[in-house]
Amino acid sequence: MSFLQTIKRFLQGLLNNFFETFQVSKKAICSAYTHLICIFNKLTGRKSPKHRPKLDCFRLPPEVSRWPDPCLYSQKYLRARNEPVIWDNPDIKIFNRQSGEFVPSGELTANTDYSVEARITNASFDAALGVLVGCTYRNWGIETDNRQSIELDASGNPVVKILHIAPWGDKLAIFNWRTPDVQDQHICIEVKCYHPADREPGNNIGQENTTVRSASSGSSQQFMIPFFNAELEDRLFTLRADNFTFSDKMTDLTLREVKSIKRSKNQIINPAKIDIRTHKELKTKSGTFSYISTPSIHDIDQRNNYPLSPGWAIRIAEPEEVGALEWTVKIPAKTTINLNVEVGIPGDAQSGHTESINLTAHDPKGSMTGGVTLIIKVE
Amino acid sequence: MDRSYPHFANCATPGSSRAFSFLNFDLLFSLGFGGTVITMLISVTTGQVGCAIAIGLLIALSVEAHLFKDWYYGFRLMCIKKDKCIIGTMVGKAKQSFDGDTKFDMLVAPFEKDEVHQYIINQLNDDTDEFGTGFTDEFNINDLIAVLNYIRDHIPDEERRIELYSRVVHKDMFNQDNPDPDRDYLKHFLVRDVDEMGQEAFDHSPEDRYPPVPRTDEVNPMYRSSHTPTDWLDDLTGGSDLAETLLPFLHCELEGYGIGRLMNKIIAMALLTAAAIAAFCYLPWPANVIVGGIFLLIALLVLIFYDKDSDDSSPADAGLDQGDVDREAIVLQDDVLGIFGNWIMDEEHTKYFELHPIKAVHFILKANDQPDVTQTLHGKPPEFYGVSQISSNEWEEICELIRISETVDPIILMRINEEKKYAMMAGLA
């Protein structure tokens with residue numbers, strides 16, 4: 001046995017005897033220590049460990065709290081950011097359950113079984129777990145009321161679908177729907193999703209609100225569009241028309257380190273971010289990263305960049321025309337008026353051309369109220 | 001991918017982790033032998049024995065504090081499995097404790113609180129020989145406070161409490177004779193399972209057999225409850241950190257650095273004081289007063305200002321930047337959460353099994369929150385989703401998504417079409 005080991009054994013024996021002889025337990029030593037800490041805390045004005053409250057609610061550190069962003073193509077969210085919108089929603093599609101064929105929302109028939117597919121995307125680095133999705137329909141038009149659930153369960157309650165969505169992934173919520181036995185199957189479908197820790201709750205409602213017509217060149221088409229003022233006061237609405245549709249353009253997103261990102265007009269944007277300690281491909285140590293688009297999708301106000309195609313014209317009977325493709329209309333409180341819209345098709349319109357005309361309404365404060373898309377196919 | 005999260009402790013492999021002991025050989029050696037040697041050396045060199053003893057003891061104390069910190073953050077926790085996921089309901093209230101950790105306790109899915117409350121009540125009512133003390137009325141689920149008080153006041157015997165909870169866990173929640181795969185998916189967090197834990201962790205953790213009695217030091221349940229006995233470390237850290245609830249639960253902890261900061265303070269104070277004593281004893285006047293005074297002043301400043309505003313566990317404790325907080329995530333009792341973290345056994349607290357540290361908290365359901373996503377004119381829909389509806393398959397799906405979120409590198413380049421661009425616009429810079 002080495003000299004050190006002998007000393008160690010001696011000390012161990014000594015302390016063993018001490019603890020046994022004086023019956024000193026760890027608990028007693030810690031109790032004495034705690035009292036000393038209490039005295040120190042009183043002298044220095046700190047909280048005593050004994051008096052730390054249990055917390056009714058607890059704020060998670062940002063590094064461990066997760067913020068998914070379940071979303072869909074949301075006209076309201078996009079218009080609030082001056083983006084152009086279309087009411088032919090790419091995330092809401094209707095299929096005939098018997099044939100499996102895609103059916104435009106303006107071409108539904110009575111007493112027919114359809115499935116409505118709502119695509120919910122998660123625009124976040126964090127999984128979206130337990131996303132609730134509901135789907136309703138109402139009469140076609142701008143802000144018409146009387147929403148009804150697309151699908152009811154055996155007890156007559158609205159069906160709500162539950163989705164779990166991967167980061168930057170998407171999933172379908174599929175609802176079964178038998179159209180009511182009424183002649184006019186012109187409807188608007190609305191999909192809403194919800195998550196309790198939604199990073200951006202503003203992009204959770206999307207609408208599908210279109211009508212499709214075929215027409216010959218040189219003719220004109222009449223549309224009657226109901227417009228409901230849901231508020232308890234008369235309001236002066238602004239209507240704007242454009243022909244925005246999705247192009248084939250692709251957008252490149254790059255994962256880049258961010259500090260704070262500024263957009264035009266000094267508005268801070270708040271993209272999804274991820275705190276990474278290490279990343280194999282980036283060969284980075286640590287930092288906060290986000291997907292940055294090239295070119296930036298936030299810098300351009302595109303509202304006036306989508307005039308109708310040459311020769312196409314739109315006239316609305318009663319509202320006052322206040323500018324190019326812009327009208328105002330006053331609607332009494334809780335009243336529906338019918339807008340008589342006439343679309344003129346140029347004589348030289350090519351057969352097969354499709355013109356999508358988006359009519360979007362805004363309230364006096366500039367907030368988007370609703371809209372429709374008129375899709376006209378030239379025969 | 002390794003995401004940032006508050007992290008200070010590392011678990012030790014099964015067999016190398018250990019409970020704290022004042023008789024721990026290294027600590028004793030540092031305090032006794034180390035201090036003695038230093039004292040002897042200084043005494044022989046200077047001839048001033050009193051100063052030498054004081055300096056030697058202070059240096060030994062600093063070494064002791066360092067070793068305690070080393071044990072606390074390096075050997076106290078036994079690794080079981082890295083990166084585990086649970087789903088559960090938060091029970092009781094969160095607590096921020098002395099060591100800087102924030103703790104909350106989870107009733108594992110798919111069990112709902114009322115279901116397990118009823119199991120406890122049934123056990124109390126059904127076996128009055130074992131648990132009864134002459135109550136004339138049966139317990140019912142509408143008076144859980146009475147049940148809680150009854151267990152606390154009338155079943156003081158630890159073995160009988162463990163018997164009660166073992167019946168609830170081993171027989172009612174996870175019926176050994178009639179297992180239900182669709183409800184047993186988180187059983188291994190409350191009942192030992194060698195396949196889930198791995199042989200080494202299984203061999204180095206206490207048995208949790210049912211029936212649990214006779215209970216010895218080698219027999220200890222995996223689950224915790226408010227009625228779990230406290231130990232010396234609970235006293236040290238300000239009482240039990242467990243939730244006040246009837247329910248058996250899995251304990252989860254967000255790491256803080258309270259003990260580390262305390263030990264740092266002790267080390268700094270001890271060394272500065274030793275330096276001050278050395279200056280007073282061995283420097284000529286007036287240098288001894290000036291230098292010694294400076295060291296004492298620094299020690300005083302450390303005592304007062306180091307760690308002054310760090311009472312509670314917070315991101316700032318972890319030295320993490322809070323500037324990127326989008327919104328505060330508030331966790332409440334009854335929230336259903338998906339929690340991702342390392343599965344460990346704490347060698348203290350009579351062997352806790354925990355998720356520690358918590359690396360991520362995913363909300364699944366908020367307490368009392370059933371939004372109307374159908375927006376009908378019929379008012380709010382009935383409750384349509386609850387933790388009891390989470391099946392084994394759904395749990396696997398959820399945990400796989402959590403694993404992807406937490407461990408898979410996000411791709412660097414992504415190309416999306418216009419439809420996706422507009423749908424996901426809120427997430428893009």
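**Figure 1. Secondary structure and packing of chain B in the predicted model.** Chain B contains 13 helices and 8 strands. The chain has 429 residues, and 43% of these count as buried. Among the contacts in chain B with a separation of 6 or more, 73% are made by residues 24 or more positions apart.

**Figure 2. The cis peptide bond before Pro110(B).** Ala109(B) is joined to Pro110(B) by a cis peptide bond, with omega near 5 degrees. Pro110(B) belongs to the loop that runs between β3 (102–108) and α3 (113–126) of chain B.

**Figure 3. The cis peptide bond before Pro357(B).** The bond from His356(B) to Pro357(B) is cis, and its omega is near 0 degrees. Pro357(B) is part of a strand, namely β7 (residues 352–365) of chain B, whereas Pro110(B) sits in a loop.

**Figure 4. Backbone of Asn82(A), a non-glycine residue with positive phi.** Phi of Asn82(A) is about 60 degrees. This asparagine is located in the loop between α3 (75–80) and β4 (92–96) of chain A. Within 10 Å of Asn82(A) there are 12 other C-beta atoms. Asn82(A) therefore counts as exposed, as the cut-off for that class is 12 or fewer.

**Figure 5. Backbone of Asn111(A), also with positive phi.** Asn111(A) is a residue other than glycine, and its phi is near 50 degrees. The loop that holds Asn111(A) lies between β4 and β5 (113–122) of chain A. Asn111(A) is exposed because 10 other C-beta atoms lie within 10 Å, and exposure requires 12 or fewer.

**Figure 6. Pairing of β13 with β21 in chain A.** Strand β13 (residues 220–228) and strand β21 (residues 336–344) of chain A run antiparallel and are paired over 9 bridges. In this view Phe228(A) stands opposite Thr336(A) of β21(A). In a regular strand, side chains alternate between the two faces of the sheet.

**Figure 7. Pairing of β18 with β21 in chain A.** Strand β18 (residues 313–316) of chain A pairs with β21(A) in the antiparallel sense, over 4 bridges. Ile314(A) is placed opposite Val343(A) in β21(A). Strand β21(A) thus has β18 as one antiparallel partner and β13 as another.

Definitions and conventions
Residues numbered from 1 in each chain as written. Chains lettered and ligands numbered in written order. Predicted model: local features only at pLDDT ≥ 70, side-chain atom pairs only at ≥ 80, totals over all residues. Helix = DSSP H or I, 4+ residues; strand = E, 2+ residues; numbered from the N terminus. Buried ≥ 20, exposed ≤ 12 C-beta atoms within 10 Å, placed from the backbone. Pairing = 2+ DSSP bridges. Contact = placed C-beta atoms within 7 Å.
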